[in-house]
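Q: Could you take a close look at the aromatic pairs in this model, and at how accessible their residues are?

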Amino acid sequence: MQEEVKVVSVKMPFWNMVWFIIKWTLASIVALAILALLFVILLAVISMIMGESVDFGHTVNHYSSQFHSHYHSN
């Protein structure tokens with residue numbers, strides 16, 4: 001049988017609460033940075049497996065040149 005717990009009040013001095021929130025925020029930033037790094041590594045591994053490199057600059061330039069040649073051919 002599981003008991004239900006309800007927190008109705010937290011008695012903590014104001015500056016301790018502020019410090020707690022600051023530490024929580026910094027920990028969240030670090031966690032997001034680690035997740036972003038893992039995501040980039042995962043994308044790199046997937047692109048290596050598929051045998052293609054991800055080059056966004058080349059892709060943008062390719063489509064940009066197609067756009068200019070199509071719409072500015074006068």
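A: A residue counts as buried under 20% relative accessible area and as exposed over 50%, with partly exposed in between. On that scale Phe20, with a relative accessible area of 41%, is partly exposed, whereas Trp24, at 55%, is exposed. The model in which these residues are placed is a predicted one.

A search of the whole structure finds two aromatic pairs. In one of them, the ring centres of Phe14 and Trp15 lie 4.9 Å apart with their planes at 75 degrees, so this pair is edge-to-face. Phe20 and Trp24 form a pair that is tilted, with 5.7 Å from centre to centre and 50 degrees between the planes. Along the chain, Phe20 and Trp24 are four residues apart in helix 1, which covers residues 14–50, and about one helical turn therefore separates them. As for the accessibility of the edge-to-face pair, Phe14 counts as exposed at 55% relative accessibility, and Trp15 is likewise exposed, at 63%.

The setting of these pairs is a protein chain with two helices and zero strands, in which buried residues make up 1% of the 74 residues. The chain exposes about 7,600 Å², of which carbon and sulfur atoms supply 70%.

Beyond the aromatic pairs, a search of the whole structure finds one salt bridge, formed by Glu4 and Lys6, whose closest N and O atoms are 3.9 Å apart. Glu4 is exposed at 67% relative accessibility, and Lys6 is exposed as well, with a relative accessible area of 65%.

Methods
Residues are numbered from 1 along each chain as its sequence is written. This is a predicted model: local features need pLDDT of at least 70, side-chain atom pairs count only at pLDDT 80 or more; totals for chains, interfaces and linings use all residues. Side-chain values use heavy atoms; hydrogens and water are left out. A salt bridge is a side-chain nitrogen of Lys or Arg within 4 Å of a carboxyl oxygen of Asp or Glu. Buried means under 20% relative accessible area, exposed over 50%, partly exposed in between (1.4 Å probe, protein chains only). Accessible areas come from the Shrake-Rupley method with a 1.4 Å probe; for residues, only the protein chains shown count as cover. Rings of Phe, Tyr and Trp (its six-membered ring) pair if their centres lie within 6.5 Å; planes under 30 degrees apart count as stacked, over 60 as edge-to-face and the rest as tilted.
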